[in-house]
Amino acid sequence: MGGEIRVDWVKLDSVPGLREAPGKIGMTFLPGKWSHGIAGEHRRDLEADVSRLRDFHGVDEFLLLVENPELVHARVPTVADVMKAHSPI
């Protein structure tokens, strides 16, 4: 349930100071989220989400903007470890 994880990419050429920046910045929902959210029920697969982010979208760095209690509530307290394990660095 949940389908393929998608990324909304920031158009860097429209951001002052980032027009010439290398790489891309994207935003997505919490990989592996397993709880009720504003958009309804989320039952995602953490490994599948992180693998897709890396393999399909080319993500090589992750910035997690979720606090530990939220990770526990969403049933993904190990998301940072899984993301690190999938990082090429």
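In this predicted model, strand β3, which covers residues 34-37, and strand β4, which covers residues 40-43, pair with each other in the antiparallel sense over 4 bridges. The connection from β3 to β4 is a hairpin that passes through 2 residues. Two of the bridge partners can be named: G37 is matched with G40 in β4, and W34 is matched with R43 in β4.

Within this pair of strands, G37 and H42 can be described further. G37 lies in strand β3, and it counts as buried because its relative accessible area of 12% is under 20%. H42 has its place in strand β4, and it also counts as buried, because its relative accessibility of 17% is under 20%. When the neighbours within four places in sequence are left aside, H42 is in contact with K33, W34, S35, H36 and G37.

K33 is found in the loop between β2 and β3. Leaving aside its own neighbours within four places in sequence, K33 is in contact with H42, R43, R44, A74 and V76.

What is the order of helices and strands when the protein is read along its sequence? The protein has 3 helices and 4 strands, and they follow the pattern β-β-β-β-α-α-α. Between helix α2 (residues 68-73) and helix α3 (residues 79-85) there is a loop that contains R75, and T78 is found in the loop between α2 and α3 as well. R75 has a positive phi of about 65 degrees, although this residue is not a glycine. As background to that angle, most residues other than glycine have a negative phi.

Is R75 buried or exposed? R75 counts as exposed, because its relative accessibility of 58% is over 50%. T78, by contrast, is partly exposed, because its relative accessible area of 40% falls between the limits of 20% and 50%. Elsewhere in the chain, P16 lies in the loop between β1 and β2, the latter being residues 26-27, and P16 is exposed, with a relative accessible area of 65%.

The following table sets out separations between C-alpha atoms for some pairs of residues, both along the chain and in space.

| Pair | Separation in sequence | C-alpha to C-alpha distance |
|---|---|---|
| G37 and A74 | 37 residues | 9.3 Å |
| T78 and G32 | 46 residues | 9.8 Å |
| K33 and R19 | 14 residues | 33 Å |
| P16 and A74 | 58 residues | 35 Å |

A74 appears in two of these rows, with its C-alpha atom 9.3 Å from that of G37 and 35 Å from that of P16. A74 is also one of the residues in contact with K33, while the C-alpha atoms of K33 and R19 are 33 Å apart although the two residues are separated by 14 residues in sequence.

Turning to the protein as a whole, its C-alpha trace spans about 40 × 30 × 25 Å along the principal axes. Of the 89 residues of the protein, 28% count as buried, and G37, at 12% relative accessible area, is buried. Among the contacts with a separation of 6 or more, 50% are accounted for by residues that stand 24 or more positions apart. The accessible surface comes to about 6,500 Å², and 56% of this surface belongs to carbon and sulfur atoms. As for charge, the protein has 11 positive and 14 negative side chains, and the centres of these two sets lie 4 Å apart.

How far the predictor trusts its own model is a last point to consider. The mean pLDDT of the protein is 89, and 96% of its residues reach 70 or more. Where in the protein is confidence lowest, and where is it highest? Confidence is lowest in β3, at a mean of 81, and highest in strand β1, made up of residues 8-9, at 95. Where pLDDT is low, the predicted coordinates should not be read in detail. The strand with the lowest mean confidence, β3, is the one that pairs with β4 in the antiparallel sense.

Notes. Residues numbered from 1 in each chain as written. Predicted model: local features only at pLDDT ≥ 70, side-chain atom pairs only at ≥ 80, totals over all residues. Heavy atoms only, no water. Buried < 20%, exposed > 50% of the residue type's maximum accessible area, 1.4 Å probe, protein only. Pairing = 2+ DSSP bridges. pLDDT = per-residue confidence, 0-100. Contact = heavy atoms within 4.5 Å. Areas by Shrake-Rupley, 256 points an atom, 1.4 Å probe, with all protein chains shown as cover. Lys, Arg positive; Asp, Glu negative; His and termini not counted. Charge placed at Lys NZ, Arg CZ, Asp CG, Glu CD.
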